[in-house]
Amino acid sequence: MWCHSRCRDSKLWTTFWGRVCFGRFWWFWIVSALAIAAKNGLRIPLVYNCGGYERKEIISLLEGVVDIYMPDFKYGDYEKALRYSKAPNYTKYAKESLIEMQHQVGDLVADENGIAIRGLIVRHLVMPNNVADSKKVLEFIAKEVSGKAYVNVMAQYYPTFKAHQFPEIARRITIVEYKEVLEFARQISSEFRFAE
């Protein structure tokens with residue numbers, strides 16, 4: 001379970017107030033609420049579910065607070081992230097954040113009932129025509145994060161919003177595209193664990 005004393009650390013409060021509270025970040029208020037909950041008996045793993053477009057500096061502030069990180073790693077190529085999601089430097093930030101998350105919580109650990117209690121779960125959405133550069137994503141995870149990572153290779157891409165403006169992503173993926181990525185994942189690391 002997460003380190004309850006970390007939420008009461010005055011240095012942490014100062015750091016969160018100075019770096020996170022002002023502007024669009026709201027982590028200070030969440031950690032404040034967690035400190036109150038911990039004092040009142042909260043003893044469950046804290047899960048941070050995110051899109052992968054996080055700054056390493058913010059993730060590092062959460063060390064000792066978060067038990068389970070569950071980021072997406074959407075694109076293996078920064079130009080495609082910019083083109084389809086208007087996310088400058090997405091790949092750079094995602095890579096740095098994943099490494100920091102792995103450093104903090106390690107590979108996924110479950111209790112005797114199979115319930116996750118600590119670790120990293122990386123989600124990757126397969127996109128049509130290999131737009132997500134799935135092989136680059138999986139290779140990075142295997143070589144730079146952990147060859148024993150818990151990876152959720154997802155097949156539920158659905159073209160919506162402005163996808164029709166890009167013919168290469170204006171359709172669902174095929175079963176062949178999905179199986180190809182899954183097979184590559186199994187080849188790149190025989191120790192990957194998969195969400196099925």
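These are my notebook entries on one predicted model, taken feature by feature.

**Entry 1: the whole chain**

I began with the fold. I counted 7 helices and 6 strands in the chain. Reading along the sequence, I wrote the order down as α-α-β-α-β-α-α-β-β-α-β-α-β. The chain has 196 residues, and 45% of them count as buried. Then I looked up how far apart in sequence the contacting residues sit. Taking contacts with a separation of 6 or more, 64% come from residues 24 or more positions apart. For the surface I got about 10700 Å² exposed, with carbon and sulfur atoms supplying 54% of that.

**Entry 2: the largest pocket**

Next I went to the largest pocket, which has a volume of about 440 Å³. It is lined by 21 residues, and those closest to its centre are Tyr75, Tyr84, Ser85, Met127 and Ile169. Which elements each supply at least two residues of the lining? I found helix H4 (78–85) and strand E4 (116–125) doing that. By residue type, the lining splits into 11 nonpolar, 4 polar and 6 charged.

**Entry 3: Asp77, at the start of H4**

With H4 on my list, I checked what comes just before it. Aspartate 77 sits in the loop between strand E2 (68–71) and H4. Is aspartate 77 buried or exposed? I have it down as buried, because its relative accessible area is 17%, under the 20% cut-off. Its side chain has a polar atom 3.0 Å from the backbone nitrogen of glutamate 79. For that pair, the aspartate 77 atom is a side-chain oxygen, and the spot is the start of H4. I also noted the backbone nitrogen of lysine 80, which lies 3.0 Å from a polar atom of the aspartate 77 side chain. Setting aside neighbours within four places in sequence, I listed Thr91, Asp133 and Lys136 as the contacts of aspartate 77.

**Entry 4: Asp133, the partner across**

Since Asp133 turned up in that contact list, I looked it up too. Aspartate 133 is in the loop between E4 and helix H6 (134–145). What caught my eye was its phi, near 55 degrees, a positive value in a residue other than glycine. Its relative accessible area is 10%, so I put aspartate 133 down as buried, again under 20%. Leaving out neighbours within four places, aspartate 133 is in contact with Gly76, Asp77 and Lys80. I note that Lys80 is also the residue whose backbone nitrogen lies 3.0 Å from a polar atom of the aspartate 77 side chain.

**Entry 5: after H4**

I then moved to the other end of the helix. Just after H4, lysine 86 takes a positive phi of about 50 degrees. Asparagine 89 lies in the loop between H4 and helix H5 (90–105). Here I wrote down another positive phi in a non-glycine residue, near 60 degrees for asparagine 89. I call asparagine 89 partly exposed because its relative accessible area comes out at 39%, and that class runs between 20% and 50%.

**Entry 6: Tyr93 in H5**

From that loop I carried on into helix H5, where tyrosine 93 is found. Tyrosine 93 has a relative accessible area of 14%, so I logged it as buried. Which residues does tyrosine 93 touch, not counting those up to four places away in sequence? My list reads Gly52, Tyr53, Glu54, Arg55 and Pro88. I checked the C-alpha spacing for the glutamate 54 pair: tyrosine 93 and glutamate 54 are 6.0 Å apart in space and 39 residues apart in sequence.

**Entry 7: Ala163, back towards the pocket**

My last stop was alanine 163, in the loop between strand E5 (150–154) and helix H7 (175–188). Alanine 163 goes down as buried, because its relative accessible area is 6%. Beyond its neighbours within four places, alanine 163 is in contact with Tyr157, Ile169 and Ala170. Ile169 was already in my notes as one of the lining residues closest to the pocket centre. How far apart in space are alanine 163 and tyrosine 84, C-alpha to C-alpha? I got 8.1 Å, with their positions 79 residues apart in sequence. Tyr84 is another of the residues closest to the centre of the largest pocket.

Terms used. Residues numbered from 1 in each chain as written. Predicted model: local features only at pLDDT ≥ 70, side-chain atom pairs only at ≥ 80, totals over all residues. Heavy atoms only, no water. 1 Å grid on protein atoms, 1.4 Å probe; cavity = no way out; pocket = protein on both sides within 12 Å on 5 of 7 lines; lining within 4 Å. Points joined across faces, edges and corners; volume = space filled by probe spheres on them. Helix = DSSP H or I, 4+ residues; strand = E, 2+ residues; numbered from the N terminus. Nonpolar A, V, L, I, M, F, W, Y, C, P; charged D, E, K, R; others polar. Buried < 20%, exposed > 50% of the residue type's maximum accessible area, 1.4 Å probe, protein only. Polar contact = N/O pair within 3.5 Å; in protein donor to acceptor, adjacent residues only side chain to side chain. Contact = heavy atoms within 4.5 Å. Areas by Shrake-Rupley, 256 points an atom, 1.4 Å probe, with all protein chains shown as cover.
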